[in-house]
Amino acid sequence: MRTIRPKITYFKYLYYFVCCGSIKKIYNYLLNKIEKRLKRTHLKSLPVNIMIEPCNVCNLKCLGCITGTKHAEAIEPHTLSLEQFKKIFDQFKEYVFNVSLYNWGEPFLNKDIFSIIEYGSSNKCGVTVHSNFNIFDETMAKKAILSRLTHIYLCIDGATQETYEKYRVGGDLSRVFRNIEILVKKKKENRSIFPLLTWRYLIFPHNVHEIELAKRKSKQLNLDAFEVSFGNLDNIATFGVEKRYNLATGSIVSYTSKVCNSLWDTLIIYPDGSVIPCCQSFRKTDIFGNLNGSSIREVWNNKEFVTVRKIISTKKIGEGIRHPCCECKIIENVQKS
């Protein structure tokens, strides 16, 4: 089952273009698209998708998450400070429309999160977060609106507590709904469109029967959108493999991606400055560089990134390929061709 983008997604993109756009950002975006299509290995464009982890710690123990399960090989927990964010953000703020503040942790555990969001938005950059929303209150609702946070994806994988807690271990669904009501009320009082609110429902065999109930609940809560995607109970995902859940048959469909877009258009940064090449990466051995002592341009075109881009582009396996790319099914297919 493929996720169908709701109307608010296109509204958000229009907002980025009109309110956050510039000639330099448009040029960088188009150049990145051209370089990706031409399969260039050393890029003049900066990544168009920037994901910065505010803190790789969490209050829940979700079964498919390396943070919740405290995976032994995971990068050590850190929290991003406002000053650290400024140092990283200032390197790309003139080139991107949006920054994503999430990955393996809970963003609202970072005490500087709203200062970080405000710095991003005040520099004409949209800001998006994903949250389990168990940690939120009226004061945070006010700050979310005042900081001009663009979009919150609410990670809620069930419509009843019994189903919800099977994956979101330690989560309280009634608290989440209460927190949503607080934010929706504050948005109405402040006549604010933002932050946009999307219920993101990860599908598992144990919760597929509650999707329709969750959809109805999202409307009752006056959320802006409801999205579903496939969840993974194994926190060591298979790199390069996409999974979809077929609602009609109740079956899982897996297929291998044909290309790794992340190597050309996305940079994922941990709170300690570590850079990883893939959203599924989390191990210390997955690190492709560090922004402490190196610029984004230097890391973006270092030996690790260039080597893997070259392998995928030329379909020739050479030396120097690093974990996690060495285990990726895309590389495996290149090797076979």
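Tyr10, Phe11, Tyr13, Tyr15, Tyr16 and Phe194 form one aromatic cluster. That is a good place to enter this model, which is predicted. Aromatic rings recur here: the structure holds 20 aromatic pairs.

Take one of those pairs, Phe85 with Tyr119. A pair of aromatic rings is described by the distance of the centres and the angle of the planes. For Phe85 and Tyr119, the centres lie 6.4 Å apart and the planes meet at 85°. That arrangement is edge-to-face. The pair also ties together distant parts of the chain. Phe85 belongs to helix H3 (residues 82-89), Tyr119 to helix H4 (residues 113-122), and 34 residues separate them. Are these two residues buried or exposed? Both Phe85 and Tyr119 are buried.

Rings also meet charges. The charged end of Arg297 sits over the ring of Tyr95, 5.5 Å from the ring centre. Arg309 does likewise with Trp300: its charged end sits over the ring, 4.5 Å from the centre.

Now turn to strand E4, residues 151-155. Why is E4 described as largely enclosed by the rest of the structure? Five of its five residues are buried, so the description follows. The cut-off for buried is under 20% relative accessible area. In a regular strand the side chains alternate between the two faces of the sheet. In E4, one side carries His151, Tyr153 and Cys155. The other side carries Ile152 and Leu154. All of these are buried, and both faces are covered.

Which strands pair with E4? One is E3 (residues 126-131), joined to E4 by four bridges. E3 and E4 run parallel. Within this pairing, Val129 stands opposite Ile152 of E4. A helix completes the picture: E3, helix H5 (residues 138-146) and E4 make a right-handed β-α-β unit.

Another partner of E4 is strand E5, residues 196-203. Five bridges join E4 to E5, and these strands too run parallel. Here Leu154 stands opposite Trp199 in E5.

Trp199 leads on to another residue, Ser218, which it contacts. Ser218 is found in helix H8, residues 211-220. Leaving aside neighbours within four places in sequence, Ser218 is in contact with Trp199, Leu223 and Phe226. Why does Ser218 count as buried? Its relative accessible area is 6%, and buried means under 20%.

Methods:
Residues are numbered from 1 along each chain as its sequence is written. This is a predicted model: local features need pLDDT of at least 70, side-chain atom pairs count only at pLDDT 80 or more; totals for chains, interfaces and linings use all residues. Side-chain values use heavy atoms; hydrogens and water are left out. Helices (H or I, at least four residues) and strands (E, at least two) are DSSP runs, numbered from the N terminus. Buried means under 20% relative accessible area, exposed over 50%, partly exposed in between (1.4 Å probe, protein chains only). Contact means heavy atoms within 4.5 Å. Rings of Phe, Tyr and Trp (its six-membered ring) pair if their centres lie within 6.5 Å; planes under 30 degrees apart count as stacked, over 60 as edge-to-face and the rest as tilted. A charge sits over a ring if NZ of Lys or CZ of Arg is within 6 Å of the ring centre and within 35 degrees of the ring normal. Two strands pair if DSSP finds at least two bridges between them. A crossover is right-handed if, with the strands pointing away from the viewer, the path from the first strand over the helix to the second runs clockwise.
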